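Visitor: Please give me a close look at a single part of this model. I want to see how its strands are joined, with a short check of the cysteines and one helix residue on the way.

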Amino acid sequence: MAEMGSKGVTAGKIASNVQKKLTRAQEKVLQKLGKADETKDEQFEQCVQNFNKQLTEGTRLQKDLRTYLASVKAMHEASKKLNECLQEVYEPDWPGRDEANKIAENNDLLWMDYHQKLVDQALLTMDTYLGQFPDIKSRIAKRGRKLVDYDSARHHYESLQTAKKKDEAKIAKAEEELIKAQKVFEEMNVDLQEELPSLWNSRVGFYVNTFQSIAGLEENFHKEMSKLNQNLNDVLIGLEKQHGSNTFTVKAQPSDNAPAKGNKSPSPPDGSPAATPEIRVNHEPEPAGGATPGATLPKSPSQSSLPAVVVETFPATVNGTVEGGSGAGRLDLPPGFMFKVQAQHDYTATDTDELQLKAGDVVLVIPFQNPEEQDEGWLMGVKESDWNQHKELEKCRGVFPENFTERVP
């Protein structure tokens with residue numbers, strides 16, 4: 001029987017809630033149609049607008065603060081890897097090795113401390129600040145529902161009072177329901193009328209404290225980091241002084257990925273005829289009026305063991321026809337054609353103005369439109385296969401590293 005009673009109570013609550021929803025829906029429809037007046041409180045509506053604005057701003061600040069913390073963590077990782085690289089290249093017999101390692105350790109600890117203080121003094125405070133909004137937002141919504149209930153009870157009571165046939169029992173019951181609905185609404189309304197303005201005013205102090213904390217932590221972090229950087233600079237100055245007068249060998253390592261165009265051309269893969277030679281660097285002062293004794297200077301690309309590619313000078317072209325030279329009158333060759341080269345290695349283009357080469361590709365070399373744009377070690381040309389297919393220089397031409405190719409007849 002107790003179970004039946006429990007089920008009966010539950011079913012009664014469900015029915016009551018359903019009836020409330022129906023009554024509220026009907027009331028809202030009547031209000032929208034203008035058939036029933038709606039209780040308005042402009043001051044409270046302004047408070048709700050401020051609340052929503054404050055919630056939006058706080059949520060954005062929380063999101064941006066988390067992004068900032070993620071960036072700090074990423075910078076920490078990048079700084080850590082950079083210091084690990086320094087520790088690896090720092091040879092055991094170099095002065096200041098222990099100091100450099102200690103600086104790297106302190107650098108890591110400083111980043112960790114900075115990140116943790118940001119979490120404790122900014123992010124957690126931010127989370128606490130925003131933690132009060134969900135409950136208030138729920139109460140605002142509930143107040144809105146209770147206001148509809150109050151308006152509905154008021155309209156029901158007024159309709160019974162103005163009816164031609166008055167039922168005193170129904171009027172008394174309606175009045176009782178009206179008083180109850182009014183009491184529930186006013187209790188919630190009074191509390192929110194006090195809390196919302198207070199919450200709105202609290203935002204100023206919160207923003208001030210939050211950004212002051214972030215600014216102070218960042219200032220102290222950079223001060224301490226500046227000291228570590230100065231210490232590292234002093235260590236490296238000591239290393240430079242000790243090794244400044246010594247001669248040591250620097251051997252350039254060929255790279256699988258060609259560097260950007262500049263004053264040197266990309267290095268072909270290991271084992272190629274154009275492998276980069278060993279370079280010796282002498283830090284001794286140069287005697288007046290002459291080169292450093294015993295110094296072997298780096299060779300330019302044209303002096304190295306690269307396959308010789310002679311760039312001949314041809315007369316200018318007129319209306320796409322070469323005036324004189326071996327390419328004159330040859331309609332099957334691009335205007336200004338100078339000579340052919342064949343790719344000895346694959347080359348992956350790193351820019352839109354470069355040619356993508358596969359070993360074996362034949363390239364028709366042509367002059368640069370503006371000679372000043374030519375970088376040392378680079379040629380302008382069009383792949384023979386592309387030229388035969390399109391016959392359009394604008395679509396096909398591009399630059400490529402000279403030392404990835406070899407001149408062919």
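Guide: Start with the cysteines. C85 has a relative accessible area of 41%. It counts as partly exposed because that value lies between the 20% and 50% limits. The model is predicted. C47 has a relative accessible area of 12%. It is buried because 12% is under the 20% limit. What is the disulfide count? The count comes to 0 disulfides. The test asks for two cysteine sulfur atoms within 2.5 Å.

Next, the helix residue. M225 is found in helix α5, residues 168-243. Its relative accessibility is 9%. M225 is therefore buried, as 9% is under the 20% limit. Which residues does M225 touch, leaving aside its neighbours within four places in sequence? They are N107, L110 and W111. Take L110 from that list. M225 and L110 are 115 residues apart along the chain. Their C-alpha atoms are separated by 7.5 Å.

Now the strands. Begin at β5, residues 339-343. This strand has two faces. The covered face holds F339, V341 and A343. The uncovered face holds K340 and Q342.

β5 is joined to β6 by 4 bridges, and the two strands run antiparallel. Read the bridges residue by residue. V341, from the covered face of β5, has V363 of β6 as its bridge partner. Q342, from the uncovered face, has V362 of β6 as its bridge partner.

β5 also pairs with β9, residues 405-408. That pairing is antiparallel too, over 4 bridges. Here K340, again from the uncovered face of β5, has V408 of β9 as its bridge partner. So much for β5.

Move on to β6, residues 362-366. Is β6 mostly covered or uncovered? It is mostly covered, with 4 of its 5 residues buried. Besides its bridges to β5, β6 pairs with β7, residues 378-383. This pairing is antiparallel, over 4 bridges. I366 of β6 has M380 of β7 as its bridge partner.

To trace the strands on screen, start at β9 and step to β5 through K340 and V408. Then step from β5 to β6 through V341 and V363. Finish at β7, through I366 and M380.

Note on methods
Residues are numbered from 1 along each chain as its sequence is written. This is a predicted model: local features need pLDDT of at least 70, side-chain atom pairs count only at pLDDT 80 or more; totals for chains, interfaces and linings use all residues. Side-chain values use heavy atoms; hydrogens and water are left out. Buried means under 20% relative accessible area, exposed over 50%, partly exposed in between (1.4 Å probe, protein chains only). Two strands pair if DSSP finds at least two bridges between them. Contact means heavy atoms within 4.5 Å.
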